[in-house]
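Student: Please choose a single part of this model and take me through it slowly, explaining each term when it first comes up. I would like to see how that part is held by what lies around it.

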Amino acid sequence: MVEKVLEKMETERGFIQIPSKSRQQLIGNLSLPSRTFLNGFPARLDKYGRLWSSFLKNKFPISARVEISKTGNGFLVELAKSEGAGATELLEEERVETLSEKALSIEDEPYFKADSIRIYNEDFLKTAAIKESSIDLVVTSPPYNVDVQYENYKDDIPYSEYLVFTKEWLTKCYTLIKDDGRLCLNIPLDKNKGGQQSVCADITTIAKKVGWKYHATIIWNEQNISRRTAWGSWLSASAPFVIAPVEAIVVLYKESWQKTSGSQKSDITRNEFLEWTNGVWNFSGESRNKIGHPAPFPVELPKRCIKLFSFVGDTVLDPFLGSGTTLIACAETNRMGIGIEINKNYCELAKKRLEKHGAIYQRKLMQEGNAWARQSTI
Ligand SMILES: C[S@@+](CC[C@H](N)C(=O)[O-])C[C@H]1O[C@@H](n2cnc3c(N)ncnc32)[C@H](O)[C@@H]1O
């Protein structure tokens, strides 16, 4: 058994740095990084000998003395006997965190901030704004590589390069998500332009290689028959084209599907639950002209994912924010939201949509006197 005093950073971010003098005793010759368990919860040891688990986040008071011991399948961390009952009382006190405390690693200057929403005008692959293991849910629709005319992203790269880019951003999402966090990935089933490709199957396979675990695929029936542009060989079996006017929402998770962190408060209604757990979703797509972005999804899509797969107060990330739709859904559902978008004009569009939508301001009014709003001074 090893004793140590927890530092502020360890408590807030949910890790314990194994003291170097005790490394041999606790880690031995285990090759790092490595998956493990801590007090029965999934955990990981990184290459610096830091033991990470969502279980640890704000579990112990800052400067608490803890005892770390090895168990059959991982580690056990407990308050040192000498800490006494006072410390335990502090643990049980309900504590409400701000977005900065929860998920932002540095006070990088956001393009836009309001209440519990942040937009960063950055390349998702390069941003350092978000803390590791801090996100409850990622909802996103990445570029599809179907030659959409984005302002400064080339959406027509060789398929092999596209899959390398896919692996990079899926890996980054994996490091940012909590152990019981989830990913709702809106992608096409397949691609016909520039050669047929099984996009959904390929991306799902890459996600699993990166470490994501598969839960389900929801079929989003957009009812958009205008997609039906090419027949191939008309009325002939020589080379007909089959096109499904649907998209997929692949649902993945990091370690455990059981969600143990967060407020445990759900806001989904009975009818919504009954309808949305049926994996064929029928609602229309969003108009590009109305929104002013070449590939927006409708608010209904992130809203369903958020209410079905996250708790009230959770932190949601969209690494490809586009026109800001996911953050509008966050504002509507009392979730904290972070969006990353490489294009400045789209960041401005997202900001304007959020302001126009007014949900943020309505929430501010509704939450006057609410502790969460009082603490959101960032
Ligand atoms: C399919 S669109 C997302 C649309 C969004 N769901 C909406 O409702 O508006 C993909 C977005 O990713 C952005 N993007 C492309 N590469 C990026 C990167 N490396 N980092 C951040 N954003 C990126 C593009 O500019 C584009 O706006």
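Tutor: Let us begin with one residue pair, in which R118 stands opposite I338 of strand β16. This is a predicted model, in which local features need pLDDT of at least 70 and side-chain atom pairs count only at pLDDT 80 or more, while totals for chains, interfaces and linings use all residues. Residues are numbered from 1 along each chain as its sequence is written.

The protein chain holds 13 helices and 16 strands (DSSP runs numbered from the N terminus, H or I of at least four residues for helices, E of at least two for strands). Our part, β16, is joined to β9 by 4 bridges, and the two run parallel (strands pair if DSSP finds at least two bridges between them). With β15, too, β16 pairs in the parallel sense over 4 bridges, and there V316 has G337 of β16 as its bridge partner.

These pairings belong to an open sheet of 9 strands with mixed pairing, whose order is β8-β9-β16-β15-β10-β11-β13-β12-β14. At its edges are β8 (112-114) and β14 (280-282), each of which pairs on one side only. On average, neighbouring strands of this sheet are turned by 15 degrees against each other, direction ignored.

How many residues of β16 are buried? The count is 5 of 5, so β16 is largely enclosed by the rest of the structure (a residue is buried if 20 or more other C-beta atoms, placed from the backbone, lie within 10 Å of its own, exposed if 12 or fewer, and partly exposed in between). Side chains in a regular strand alternate between the two faces of the sheet. In β16 both faces are covered, for M336, I338 and I340 on one side are buried, and so are G337 and G339 on the other. Across the protein chain, buried residues make up 35% of the 378 residues.

Now consider the helices beside the sheet. Helix α6 (residues 199-210) lies across β11 (177-188), β12 and β13, and runs at about 165 degrees to β11. Helix α10 (residues 325-333) also packs on the sheet, where it touches β9 (117-120), β10 (135-140), β15 (315-318) and our strand β16 (336-340), and its direction makes about 170 degrees with that of β16 (axes are lines fitted to C-alpha atoms, for helices over the stretch in contact, and angles run from 0 to 180 degrees between N-to-C directions). The axes of α10 and helix α11 (residues 344-357) come within 9 Å and cross at roughly 25 degrees. On the α10 side the contact is made by L327, I328 and A331, and on the α11 side by A350, R353, L354 and H357 (contact puts two C-beta atoms, placed from the backbone, within 7 Å).

L327 of α10 has another role in the picture, because the largest nonpolar core has 53 residues, and C184, I249 and L327 touch the most other members (such a core is a set of buried Ala, Val, Leu, Ile, Met, Phe, Trp, Tyr and Cys residues joined through C-beta atoms within 7 Å). Strand β13 (residues 246-253) gives the most to this core, with 6 residues. Apart from it lies another core of 15 residues, I18, A43, L51 and V77 among them.
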